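Colleague: I have the model open and would like to go through it with you. Could you take me from the overall picture down to single residues?

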Amino acid sequence: MPVQGNTIDFDSARVKLGQTCSQRRRNGKPNVTLQDTRRELTQTLQTSLELERVLGMFYNALRELLYIDGLEYRHTGAASPILHGHYGIHRCSYRMSHAGDYLGELQLSRQTRFDEAELVSIEGLLATLLFPLRNALLYREALTCALNDALTGAGNRLALNQNLERDIRSSKRSGQPLSLLVLDVDHFKSVNDNYGHAYGDEALKAVVDCVTATLRNVDGLYRLGGEEFVVLLNNTDADACNLVAERIRQSIEQLQFQIDGQPLPMTASLGHATLRPTDDARSLLDRADQRMYAAKRNGRNRVVGEE
């Protein structure tokens, strides 16, 4: 499976774009096709700040010009790659940067080999991707800052409100179950009181990492404030939610968190609820919250769910 790798700096890619026109004229290929593609990309890529849409427009243009079968984009800040089309046998990849800033890695693939003239065309057209890609990455970063808790990296209350409303509408429309659990770290005030807030912050981050490791990629983890968190579980009924909650409880109980080399036992109390036809976001969250407090009253380090 041949893979050709390159590091692309967008400043040099602009030079490549000019060379491409001359190369295609020497090969007897119609220059207008490349010019039209460049013109189209220059116009359309500026119309969106959504990273996946920007890459999709770039893929569609290259597919028409060079019969590309698939485009895959990876970035260290992304949880999973973005894929358009499907993988081909022959691939060329580019590590993209501009002015020293890392902009990700792009791989193009198809069933037939890329010739040198086509690679020059691709490298030149990458110049049109510079500002749209950079702007999309900045926009995504801004959204992440706006919707994520600065300390733990979990979603914040704004993100929970937006996603819970969306998922309730989707669940009622599709008939798929939706469950929610509320988690509160037991005796957390004593951690801050005895060891200081810096250690308390580290303990919270450890809990978030622990919980995240037990969840699917499609599940959502959000910090309500303090040591209280919410887990949003799509396509999950009450029985499945109880299993997830118990798995989280056990994982936190087994967490090997230490302060100055000394182990600090940690546990959590969890309550969960599953969406009913009459529920809205507030009523669903309130029911799960009430069950979490019931778990606290009944001795902590336990799960209380639907009766």
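**Overall picture**

Modeller: The protein has 10 helices and 12 strands, where helices (H or I, at least four residues) and strands (E, at least two) are DSSP runs numbered from the N terminus. This is a predicted model, in which local features need pLDDT of at least 70 and side-chain atom pairs count only at pLDDT 80 or more, while totals for chains, interfaces and linings use all residues. Residues are numbered from 1 along each chain as its sequence is written, and side-chain values use heavy atoms, with hydrogens and water left out.

Colleague: What share of the residues is buried?

Modeller: Of the 307 residues in the protein, 49% are buried, where buried means under 20% relative accessible area, exposed means over 50%, and partly exposed lies in between (1.4 Å probe, protein chains only). The protein exposes about 15,700 Å², and carbon and sulfur atoms supply 48% of that area; accessible areas come from the Shrake-Rupley method with a 1.4 Å probe, and for residues only the protein chains shown count as cover.

Colleague: And what about contacts between residues at least 24 apart?

Modeller: Among contacts between residues at least 6 apart in sequence, 65% join residues at least 24 apart, a contact being heavy atoms within 4.5 Å.

Colleague: Let's turn to salt bridges. How many are there?

Modeller: The count comes to 17 salt bridges, taking a salt bridge as a side-chain nitrogen of Lys or Arg within 4 Å of a carboxyl oxygen of Asp or Glu. One of them joins Asp 186 and Lys 296, whose closest N and O atoms are 2.8 Å apart. Asp 186 lies in the loop between β6 and α7 (188–195) and Lys 296 in helix α10 (residues 281–297), so this pair ties together parts that are 110 residues apart in sequence.

Colleague: Is Asp 186 buried or exposed?

Modeller: Asp 186 counts as buried because its relative accessible area is 7%, and Lys 296 is buried too, with 14%.

Colleague: What else does Lys 296 meet with its side chain?

Modeller: The side chain of Lys 296 makes a polar contact with the side chain of Asp 184 at 2.7 Å; a polar contact is a pair of N or O atoms within 3.5 Å, where within protein one must be able to donate a hydrogen and the other to accept it, and residues adjacent in sequence count only if both atoms are side-chain atoms. Asp 184 lies in strand β6 and, at 10% relative accessibility, is buried. Leaving aside neighbours within four places in sequence, Asp 184 is in contact with several residues, including Glu 227, Ser 269 and Met 292.

Colleague: Anything else of interest in that strand?

Modeller: Ser 179 is also found in strand β6 (residues 178–185), and Ser 179 counts as buried because its relative accessibility is 0%. The side chain of Ser 179 makes a polar contact with the side chain of Thr 274 (2.8 Å). Not counting residues up to four places away in sequence, Ser 179 touches a set of residues, among them Val 231, Asp 237, Cys 241 and Ala 273.

Colleague: You mention a cysteine, so how many disulfides are there?

Modeller: A search of the whole structure finds 0 disulfides, where a disulfide is a pair of cysteine sulfur atoms within 2.5 Å. Cys 241 is buried, at 0% relative accessibility, and Cys 92 is buried, at 0% as well.

Colleague: Back to charges: which salt bridge does Lys 189 form?

Modeller: Lys 189 pairs with Asp 193, the closest N and O atoms being 2.7 Å apart. Both residues lie in helix α7, 4 residues apart, about one turn of the helix. Lys 189 is exposed with a relative accessible area of 57%, and Asp 193 is exposed at 52%.

Colleague: And which residues are linked in a network?

Modeller: Salt bridges link Arg 276, Asp 279, Arg 287, Arg 291 and Glu 306 in a network. Within it, the side chains of Glu 306 and Arg 276 meet at 3.7 Å, N to O. That pair links distant parts of the chain, with Glu 306 in the segment after β12 (303–304) and Arg 276 in the loop between β11 (268–274) and α10, 30 residues apart. Glu 306 is partly exposed at 26%, and Arg 276 is partly exposed at 40%.
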